[in-house]
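Thanks for making time this morning. Let me put the structure up, and then I will walk through one helix and one pocket.

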Amino acid sequence: MDAYQQVANTLQELGIVYDVVEHPPAFTTEQADSYIEGMEGVRTKSMFLTNRKKTQYYLLIMDDKKRLDMDDFKVQVGADRIRMASLDSLAEKMTLPAGTVSPFGLLNNEEKDIQVYFDKDILSEEIMTFHPNTNEKTIFIKTQDLFRFLEAIDFSYEILTLP
């Protein structure tokens, strides 16, 4: 089963309705945004991060127009140092290639050892957009349904206020 089909099947099993737009591969948030211009939903950026010793992993979801202050994030999560996780870590933890990081990659994290965080600023949006484990599609999902998805696959999440 391909990566997208796994996402679609899980959402269907949960009774979650969503919309999907197919498009050419998007390697940046700017490219992805250009394919869905004019459609409703906050454009998200999902960042896969790790601490210095690679003993803790974080999935941070925020507005794609916002820049992450790594120093602020590390203080809020209680880490000594934060950096982008390597492509090897991404492949190992979520079975994803670069450019496809999203909450849907958590379906592949059997260890359930990734901490999930949302920036408070995007939670007022009714719909969020993500790549559903492929950069050739963008999924539009209601924020509350995304939270239901996370809970159904045994992931909790925290909300941060990022500058």
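I begin with helix 4, where the exposed residues L87, D88 and E92 sit on the face turned away from the buried side; exposed here means over 50% relative accessible area and buried under 20%, with a 1.4 Å probe and protein chains only. Please bear in mind that this is a predicted model, in which local features need pLDDT of at least 70 and side-chain atom pairs count only at pLDDT 80 or more, while totals for chains, interfaces and linings use all residues. Residues are numbered from 1 along each chain as its sequence is written, and side-chain values use heavy atoms, with hydrogens and water left out.

The buried residues of helix 4 are S89, L90, K93 and M94. Seen down the helix axis, these fall within an arc of 100°, taken from the directions from the axis to the C-beta atoms, so they line one face of helix 4. Just after helix 4, T95 adopts a positive phi of about 55°.

Now to the largest pocket, a pocket being an open set of points on a 1 Å grid where a 1.4 Å probe fits, with protein on both sides within 12 Å along at least five of seven lines. Its lining, meaning residues with an atom within 4 Å of a point, comprises 28 residues, and T29, K45, S46, G99 and V101 lie nearest the centre. Helix 4 supplies at least two residues of that lining, as do helix 2, strand 2 and strand 6, with the largest share, six residues, coming from strand 2.

Terms used: Helices (H or I, at least four residues) and strands (E, at least two) are DSSP runs, numbered from the N terminus.
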